[in-house]
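Reader: I should like to learn how the features of a structure such as this one are read. May we go through them one at a time?

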Amino acid sequence: MSQFFQVMLSGLSTGSIYALAAIGFTLVWQAAQTVNFAQGEFVMLPAFFVLIGIHALGLPLWLALIFGLIVAVIVLGVLFKQVIVQPMLPDGGLPLIIATMALGILLKESVKEFYGAEAQPYPQLFPLDAITIGGAVISVQDVMNLVVAVVVVIGLTMFLNRTRTGRCMQATAQNPGVAEILGVNIRRMVLYTFLINAGLAALASFLISPIYLAKFSNGESIGMIAFIAAIVGGFNQIRGAIAGGLLIGVVDNITATYITAEYRAAVPLLLLIGIILLKPEGLLGTKEGRAV
Amino acid sequence: MNRRTILSLAASSLMLASTLTPAWAQDTVKLPCVCELSGAGAAAGTNYRDGAKLAVEEINATGGILGKQIEMTDYDTATDPQTSRALVQKAIDDGAYVIIGTVYSGSTIVNMLVAQQAGIPQFTGAEAPNITQGGNPFIFRTAYGAQKGVPALTGYFKDTLKVTKIGVAWVNNDFGKGGRDVFVTEMAAAGIEIVADVPSEQGQADFAADVSKLKESGAEAVFVYLNEEESARILAEAKKQGLTAPMVGEVTLTGQKVIDLAGEAAEGAIAHVGLTSKAPVPAIQEFAAKFNTAYGRETDHNGIKGYTAVYATKYVTEMVGSFDGQAFADKMHGITLKAAEYPGMLLDTSWDDTGELSRESFMIKVEGGQQVVVGTIPAN
Amino acid sequence: MLRTWKAPLLAILGLILLLLAPIGQGNYIIYTLCSWMVFSIAAMGLNLTLGYAGQISLAQAAFMAIGAYTVAIMTLAGWHWVVAAPIGVFFCFVIGLALGFPALRVKGHFLAFITLAFNTLVFLVARNEDWLTGGALGKVGMPRPSFFGFGTGQQISFYYFTLVIFVIAALLMYGIVRSPWGRAFKALRENPVRAESLGLDTRMITLLAFAIGSAYGGLAGALISPLVQFIEPGSFAVHHSLRILLMVVVGGSGFFYGPMLGAAVVILMPEVLRFTEGYYLIIYAVMVIVLMVFCPSGLIGVYGKLRDRFFPKVVVRADMQQGAQL
């Protein structure tokens, strides 16, 4: 029983990491109808900005984190939107997908060439102290990841529903044409979405790198899991990302412990296929919003 | 069967004829480095290449091989077996004398067939058992295979730790699978029961389920056969969940990278290591210092592999007295190069008839964040 | 009028070039050319699914795996390639048909993810079922086929063997896209609702697009087995599907020669950019992004754009474009 509790708790903490990566993904999907195949690399990269801040610029950790956040928002938010997404939006669809795939390769290879191929140690943000609950061990770090993920979702939902800018962003996502007629500056709203996505990716990066260790190839697995979490949870709902992330984290651990370790990677995929075929709007998604 | 042998013989003699003539005509000898310079194996491949480059520079500065300067060109396989096959072919077309690389077993197992057909000797950094078991006369290891490394640990489990139940955590790819299979056979022979057999994915981040299974199984020791990052993660998770059984590994578990990444969690981990830059051998420490000066970073065992591969090429070629791939391969079989006589080898090294290698190896324990040599296992 | 003789002439010229290409070349060049033809076949298949029928599939590498493993297992058991390859292709056709069913329900990105998931599942089966596939260690030493006493063990004879298969595959594909089916595929891509209203069985067409495209993947796999003489699950992982997708889109999806051009770019690029050492992937990625931003229809589209800019007087342009796509 304590084993079950242990893998549940560990699954939840890993799941909260997946959720953080998945939230930004759903945002970009809503704003630009784009599947960002570089999302995993977006989560991989900011940790290296922080490492550059610490090692090359000699900043203390807190300042390096701020530095990393700002650079990430500029590079992954502003530049990504203006240089790649904006010119391609009229064509949309496949070329944009291909461009984000190429961007993923670009980011990955650049980190490898200019920073290093080996995994880098990354400073801990939270104490590693372990808490024992009913025979299961969980670290402060795990709890904090979960807390941050939940706070982000609540905060973001409130921002989108309660503020004028947030509602304008939603209007833009649901019907850009009408939103524009109603006087919403849709370009700016889309830009905001990309900024928030970059900020979230940076946050996810800072939180997961102590566990994943900073490495150029990290994005490959995180990106894939983020897609699955977002789709399973519900593409058009931010809270769907957290449900999807936690579900995948728990299911993965339980499969590996009790059913099969060889096929543990298959279970989230089967879940994904099942959800797409049976309930394409996702577990928490609503049918309104965009038709798929 | 017969016809194929004739064909391959004809092909290889043709290749030899075409590659040897230009080799004689030039002032340089080509030792192409076919390595994993990008993709998953980039870290290992880059160290192997840089170690080899260091040896090339030293040898060229002191007159080269038989008076010829070594020319080393990089061929990046991107850690892809198909590409590596193509590049070994290219290196041979370009007039390779001996091929340095590849490091990953999955690549070596396929590209060594090409070198074999062409009759070009090849120094691989790979450790999978099946590489030297196929009867290829042109393949030579630079570190002994898992089928030699893993059994060296049997005695440690049986006599030192005196365990009867053991768990094994391995990465489910060609590297991990090879080691795991050898381990299972060894344990069966030694009468130690395997109570947990836990495979994991390459690049896996969450080892909670793995550690939990090992803990529940009642294993008295755990054999860890994972790559560096995964080793660091499983050590951290084991510490978190309070897994008290000793963690014992082969080569990777006590690597400097693992210690850097896992921090305190690496404390107490033990591994059998064929080559380590921390070995209590002055020649190796001198090499590690040279590597650090040249490239501004530490090397792992792959740097030593590449370095010794190039030196072995020099020494054996000079024994043969000419640049003849077939004669070189014949000479290599059953040779022993003593470090006292051949300083570039760093350690006494022998090759048997299959290209398998033997040299002294070490038991390493992590103490106070440092690799400490706790035992030396003689060459076998 | 012009193109009635121009297109076959170009094709014949290309064929002559391919016949002469390996003569006097080193094994490496010949091997690379073989590898280009094999990936062209896989990309041609995906081009049918994606470029003509508009159904996105990220599972082409999985079908290569199915073809490659079928051929590997059968030829190692002593069967001839000529028997093994059609069986592998048939498997792919049937499985492709089955994978087409989700395409009847979902479109676009969702279909992309289903096929992506399928690819990973195939990878996992190949890696975990040791008894069948050799597991993580793969299969090694597949014999190269011989025909009427002529072996293909030599690189150059294997090249001509691949060339024959390549030409047959290309001719078949040309036949398919020129046939009423091919037009139906395009109708499906351009306007599925209208296509249906005109009496096309869109369900049937969608499934066929998947099945035929997948069968081409299987054929490519059937050639990989004897070409590389080693297969392992990692060679058919998801990123190889993405690579094939890149070939189709970079070359120009929906154009007959697009995938061949794209495969040439992807396979030969590392060669051309070798002097940049480790930076070639970075340069390549930047080039793809720039291409997608300025000319989403791929390299063949670039040619069209340049032609329009420098020779705007060509009045039959609309027809020409139609022709080039057929």
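Author: The dialogue below turns to chain B and then to the contacts between chains.

Author: This is a predicted model, in which local features need pLDDT of at least 70, side-chain atom pairs count only at pLDDT 80 or more, and totals for chains, interfaces and linings use all residues. Residues are numbered from 1 along each chain as its sequence is written, while chains are lettered from A and ligands numbered from 1 in the order in which they are written.

Reader: How many helices and strands does chain B have?

Author: Helices (H or I, at least four residues) and strands (E, at least two) are DSSP runs, numbered from the N terminus. Chain B has twelve helices and 17 strands.

Reader: What radius of gyration does chain B have?

Author: The radius is taken over C-alpha atoms, and the globule rule is 2.2 Å times the number of residues to the power 0.38. For 380 residues a compact globule would have a radius near 21 Å, and chain B agrees, with 21 Å. Along the principal axes, its C-alpha atoms fill a box of roughly 65 × 50 × 35 Å.

Reader: Which residues of chain A touch chain C, by class?

Author: Two residues are in contact if their C-beta atoms, placed from the backbone, lie within 7 Å. Here 30 residues from chain A meet 26 residues from chain C. On the chain A side, α4(A) gives the most, with twelve residues. That side has 25 nonpolar (Ala, Val, Leu, Ile, Met, Phe, Trp, Tyr, Cys and Pro), four charged (Asp, Glu, Lys and Arg) and one polar residue (the others, Gly among them).

Reader: How many residues of chain B are in contact with chain A?

Author: Chain B contributes 27 residues, in contact with 25 residues of chain A. The chain B side has ten nonpolar, eight polar and nine charged residues.
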